[in-house]
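Student: I have a model open and want to learn to read its interior. Where do I begin?
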Amino acid sequence: MASTLTKISHVLGANLRNVCHQKMAARCVQSSVGVKENLSMFDPQQVKLLDEMCIAVDPNDKVIGPRTKKDCHLMENINKGLLHRAFSVFLFNTKGELLLQQRSDAKITFPGYYTNTCCSHPLYLDSELEEIKALGVKRAAQRRMAIELGVDLGSIAANEFLYMTRILYTAPSDSQWGEREIDYVLLVQKDVQINPNPNEVKDCIYISKENLKGFLDGVEEEGYKITPWFKLIAETFLPKYWDNLNNLKPLRDHKTIHSL
């Protein structure tokens, strides 16, 4: 895994790295004021991931440039309009059951929340900036499925992820951290082996369409929470997608960014 991620990181050329570092230096110093001293309370592995370079975009999903994961998830920046590109994967097995995960308690945002199969963001790398057929986002989904769920990188090809549509939403996790994303909804139906990473994923379960509502209601009755983006997608697009797993392509909408 480490060697694969190292190869991915080398895609970023020297010139782009220099530009990123120059642009980010002042921003990182400024955004760290008031939060640097609070990071010690979080899991060290998750804190390290805050240095990842996300893709900042405008409300039309046009790339603005790189911003750190930390910058993108601080409510002080979100409240000023900072928006980044993300994705949500919905993996169904051949029985038509949806794989859900419970986020690790180590996560900085939405720890312990139940959510869809995999949720993350593409990085500001040439390979994950590719917009033709949303290939960059799909490559990012491959990467994160491997990191979070232990799905072998060769198990799901990038073109097997079906890009359905995009949503734009804002959701605070607490007073300091949150999400404001243009989220690509990706679907795939395939039987895969999973080996969840406990630093990322606390638990996993496959659920049928008939049992989803009862399961989520039970989760909330037990005092757990569900991620806001999963709720939004489950209440809007998921029922129709689930009913048409064998014929999803006609349901794709790449023109609209749905504000939810």
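Tutor: We will take a helix, then the cavities, then one residue. Keep in mind that this is a predicted model.

Student: Start with the helix. Which residues of α9 are buried?

Tutor: The general idea comes first. An α-helix has 3.6 residues a turn, so residues three or four places apart point the same way. Now the case here. Helix α9 covers residues 228–236, and Trp 229, Phe 230, Ile 233 and Ala 234 are buried in it. They cover an arc of only 130° around the axis, so they sit on the same side of α9.

Student: How many cavities of 30 Å³ or more does a search of the whole structure find?

Tutor: Two. The largest holds about 240 Å³ of space. It is lined by 22 residues, and Lys 69, His 73, Arg 103, Thr 109 and Glu 179 are the closest to its centre.

Student: Which element gives the most to that lining of the largest cavity?

Tutor: Strand β3, with four residues. By class, the lining of the largest cavity has eight nonpolar, seven polar and seven charged residues.

Student: What lines the second largest cavity?

Tutor: Its lining includes Ala 141, Met 145, Leu 153 and Phe 161. The volume of this second largest cavity is about 30 Å³. Six nonpolar, one polar and one charged residues make up its lining.

Student: Is Ala 141 buried or exposed?

Tutor: Buried means under 20% relative accessible area. Ala 141 has 0%, so it counts as buried. Ala 141 lies in helix α7. Leaving out residues up to four places away in sequence, Ala 141 touches Phe 87, Val 89, Phe 161 and Leu 186.

Notes. Residues are numbered from 1 along each chain as its sequence is written. This is a predicted model: local features need pLDDT of at least 70, side-chain atom pairs count only at pLDDT 80 or more; totals for chains, interfaces and linings use all residues. Side-chain values use heavy atoms; hydrogens and water are left out. Helices (H or I, at least four residues) and strands (E, at least two) are DSSP runs, numbered from the N terminus. Buried means under 20% relative accessible area, exposed over 50%, partly exposed in between (1.4 Å probe, protein chains only). Contact means heavy atoms within 4.5 Å. The arc is that of the directions from the helix axis to the C-beta atoms. On a 1 Å grid over the protein atoms alone, a cavity is a set of points where a 1.4 Å probe fits but cannot get out, and a pocket is an open set with protein on both sides within 12 Å along at least five of seven lines; lining residues have an atom within 4 Å of a point. Grid points are joined across faces, edges and corners, and a volume is the space filled by probe spheres set on the points. Ala, Val, Leu, Ile, Met, Phe, Trp, Tyr, Cys and Pro count as nonpolar, Asp, Glu, Lys and Arg as charged, and the others, Gly among them, as polar.
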